[in-house]
Amino acid sequence: MADKITGVDVKILKLLAKNARLTYKELAEILGTTRQRISRRMDRLERNGIIKKYTIIPDYDALGYVHVILGITIRPSVDIDEVIELLKEDENVKVIERALGSHNLVVHIVGPKDMKEMEKIISNVSRKIPGIDKLDITFVTEIVKFEVL
């Protein structure tokens, strides 16, 4: 069972979640192993889709943007996969998440601080979605903690 996730794999993921710029050498030193072992594990984690992407968490406020989360409930008769494909094409939509609970979809939008412009963006995004039953809008004022594991 070569593809089993081990404790070392989880440690690697946690370290990279805090700092994705760590080198294989630095990871090996922290974990008390070799760079080659880290390299093999990283290759496997990427190949198996465990690591999907290396990214940053920007400070939207400092960049002059607003981060908005839309909680969307779509009627059961609407094909959610078609909605997702439409939303993927929108340059203002940064994250699309399927959800269970109050909403079917959670959509993150980043746009200018100008409220009239944000209103237009939210309106344009919501118009693309057929069969909206409920739409909740949340303005994120600060990301206080962001951990993936």
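The following legends describe close-up views of a predicted model.

**View 1. Helix α1 and its buried side.**
Helix α1 comprises twelve residues, running from 7 to 18. From the first C-alpha to the last, α1 reaches 17 Å, close to the 16 Å expected at 1.5 Å a residue. Four of its residues are shown as buried: Asp9, Ile12, Leu13 and Leu16. These residues lie on the same side of α1 because they cover an arc of only 100 degrees around the axis. An α-helix has 3.6 residues a turn, so residues three or four places apart point the same way. The partners against which the buried residues of α1 pack are α2 (24–31) and α3 (35–47).

**View 2. The largest pocket.**
The largest pocket has a volume of about 1100 Å³. Its lining consists of 26 residues. Nearest the centre of this pocket lie Thr55, Ile56, Ile57, Phe146 and Val148. Two or more lining residues come from each of α1, β2 (93–98) and β3 (105–112). Of the elements, α1 gives the most to this lining, with four residues. By residue class, the lining of the largest pocket divides into 17 nonpolar, four polar and five charged residues.

**View 3. The second largest pocket.**
For the second largest pocket, the volume is about 220 Å³. Residues lining this pocket include Pro58, Asp59, Tyr60 and Asp61, together with Tyr65, Val66 and His67. Lys113 also belongs to the lining, as do Val140, Thr141, Glu142 and Ile143. The elements that give two or more residues to this lining are α4 (60–63) and β1 (65–74). Strand β1 gives the most, with three residues. The lining of the second largest pocket divides into six nonpolar, two polar and four charged residues.

**View 4. Isoleucine 72 in strand β1.**
Isoleucine 72 is located in strand β1. This residue counts as buried because its relative accessibility is 0%, and buried means under 20%. Leaving aside neighbours within four places in sequence, isoleucine 72 is in contact with His103, Asn104, Leu105 and Val107. Under that condition, isoleucine 72 is also in contact with Ile129, Ile132, Lys134 and Leu135. Lysine 88 is 16 residues from isoleucine 72 along the chain, and the C-alpha atoms of the two are separated by 15 Å.

**View 5. Glutamate 46 in helix α3.**
Glutamate 46 is found in helix α3. With a relative accessibility of 32%, glutamate 46 counts as partly exposed, a class that lies between the limits of 20% and 50%. Residues up to four places away in sequence are not counted among the contacts of glutamate 46. On that basis, glutamate 46 touches Tyr24, Ile51 and Tyr54.

**View 6. Arginine 21 in the loop between α1 and α2.**
Arginine 21 is placed in the loop between α1 and α2. Its relative accessibility is 76%, and arginine 21 therefore counts as exposed, for which the value must be over 50%. Arginine 21 and isoleucine 69 are 48 residues apart in sequence. From C-alpha to C-alpha, arginine 21 and isoleucine 69 are 28 Å apart in space.

Technical notes. Residues are numbered from 1 along each chain as its sequence is written. This is a predicted model: local features need pLDDT of at least 70, side-chain atom pairs count only at pLDDT 80 or more; totals for chains, interfaces and linings use all residues. Side-chain values use heavy atoms; hydrogens and water are left out. The expected span of a helix is 1.5 Å times one less than its number of residues. Buried means under 20% relative accessible area, exposed over 50%, partly exposed in between (1.4 Å probe, protein chains only). The arc is that of the directions from the helix axis to the C-beta atoms. Contact means heavy atoms within 4.5 Å. On a 1 Å grid over the protein atoms alone, a cavity is a set of points where a 1.4 Å probe fits but cannot get out, and a pocket is an open set with protein on both sides within 12 Å along at least five of seven lines; lining residues have an atom within 4 Å of a point. Grid points are joined across faces, edges and corners, and a volume is the space filled by probe spheres set on the points. Ala, Val, Leu, Ile, Met, Phe, Trp, Tyr, Cys and Pro count as nonpolar, Asp, Glu, Lys and Arg as charged, and the others, Gly among them, as polar.
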